[in-house]
Amino acid sequence: MAHYLTIEDLRVRHHSRTPKMFYDYADSGSYTQGTYNENESAFAGIKLRQRVARNIDHRDLSGTILGKPASLPLYLAPVGMTGMQYPDGEIHAARAAEKFGIPFTLSTMSICSIEDVAANTTKPFWYQLYVMRDRGFVSDMIARAKAAGCAALVLTLDLQILGQRHNDLRNGLSAPPKMTPQVILDLMRHPAWCLGMLGTKRRTFGNIVGHAPGVTSMSSLVEWTHSQFDPSLDWSSVEWIKSQWDGPLILKGIGDVEDAKIAVQTGADAITVSNHGGRQLDGAPASIHMLPQIAEAVGDKIEIHFDGGIRSGQDVLKALALGADVCSIGRAYIYGLGAMGEAGVTRALEIIRKEMDITMALCGETKLTDFGPHNVWGGVPRPVPLTADLERVSLEGVGAA
């Protein structure tokens with residue numbers, strides 16, 4: 001694997017190995033893909049300060065996440081249909097994260113179920129929850145996550161309604177794929193992927209099929225899923241989730257200062273600054289552009305996680321410098337998974353760790369805990385002016401969407 005030197009190298013391999021509908025699902029955004037593209041490109045405008053003649057021996061990249069030690073202040077973000085990028089993909093990714101000493105987050109829309117991942121790992125992983133209209137099903141999902149020993153619940157707030165992703169519609173995305181002539185021709189171009197999928201029984205949404213009422217087949221799954229994402233999800237729903245879950249709670253999908261202040265008042269343990277990888281509101285600012293003002297607004301009242309556009313160790317350091325306590329990666333590890341399974345996820349993490357280590361040293365630092373705004377050339381970007389009276393934001397009177 002030595003010739004895979006960058007995350008981009010892994011992306012190219014992933015692209016060549018994986019059928020189009022599943023590669024496109026992972027590597028595209030909604031509508032014009034403007035926000036999706038800006039999430040990544042925005043990092044280029046942030047420059048790090050190079051320092052010299054400083055003792056940079058004995059460097060330490062470790063950190064803490066929700067009060068627990070981690071080899072890096074980094075975790076694997078939830079990604080739907082990971083098991084369609086590589087056979088049993090969620091298990092492969094969870095094992096790689098476990099061996100690396102960082103958390104893995106399982107998506108509600110995973111191919112491998114909560115129980116599958118728990119049976120094939122030895123350390124607790126995190127579970128990401130989408131809130132459905134059927135609150136009985138949601139309660140059952142939370143109970144299953146507890147029974148599996150999940151260490152944290154990641155509540156996604158920005159998927160009450162799906163942003164339109166043109167590539168998925170054009171490709172006729174489904175799990176398993178529908179055998180149209182176009183799909184059959186594409187599968188023939190990817191024999192290794194096909195052989196791998198023939199060798200596993202996990203080819204549909206394991207957390208839903210057989211668990212949601214009446215969902216026993218692909219057709220019933222599609223109908224159920226389209227009707228179940230809950231547009232009435234509001235801040236009172238967060239309180240209800242907290243009443244069901246007694247462990248650490250992370251609120252994912254925060255992209256606005258006003259929402260960040262409300263999130264603090266819910267008593268959650270962390271927020272994730274994220275625009276869902278550019279897959280929801282097209283035209284929203286890049287996550288990294290929103291991070292500094294959100295960090296300034298909430299201070300140390302809550303742990304700040306960052307998600308969106310990270311493709312290198314340098315990107316991680318920039319996010320940490322601009323106010324993140326912890327970062328997550330989605331596409332960066334999916335590229336590795338699609339390329340080579342567990343070994344590819346490990347390689348993606350090795351690439352990012354090495355880039356972090358060398359870049360931190362060239363910035364004159366030896367501990368990630370010392371990395372901050374002083375490491376950014378030109379200072380922290382100025383916040384976008386806001387007109388709302390943010391000091392008056394409260395949970396009182398915040399209703400349904």
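For the classification of lining residues, Ala, Val, Leu, Ile, Met, Phe, Trp, Tyr, Cys and Pro count as nonpolar, Asp, Glu, Lys and Arg as charged, and the others, Gly among them, as polar. The model is predicted, and totals for linings use all residues, whereas local features need pLDDT of at least 70 and side-chain atom pairs count only at pLDDT 80 or more. Residues are numbered from 1 along each chain as its sequence is written, and side-chain values use heavy atoms, with hydrogens and water left out.

Two cavities of 30 Å³ or more were found (sets of points on a 1 Å grid over the protein atoms alone where a 1.4 Å probe fits but cannot get out; lining residues have an atom within 4 Å of a point). The largest cavity has a volume of about 50 Å³ (the space filled by probe spheres set on the points, which are joined across faces, edges and corners). Its lining consists of Tyr130, Val131, Thr156, Leu159, Gln160, Phe229, Asp230 and Leu233, namely five nonpolar, two polar and one charged. The second largest cavity holds about 30 Å³; Tyr75, Ala77, Pro78, Val154, Lys252, Thr272 and Ser328 line this space, with four nonpolar, two polar and one charged residues.

The largest pocket (an open set with protein on both sides within 12 Å along at least five of seven lines) has a volume of about 1200 Å³. Its lining comprises 48 residues, with Tyr25, Leu162, Arg165, Asp168 and Arg279 nearest the centre. Elements giving two or more residues to this lining are α2 (20-26), α3 (34-41), α7 (166-171), α10 (218-228), β10 (326-329) and α15 (331-340), where helices (H or I, at least four residues) and strands (E, at least two) are DSSP runs numbered from the N terminus. The largest share, five residues, comes from α10. By class, the pocket lining divides into 22 nonpolar, 17 polar and nine charged residues.
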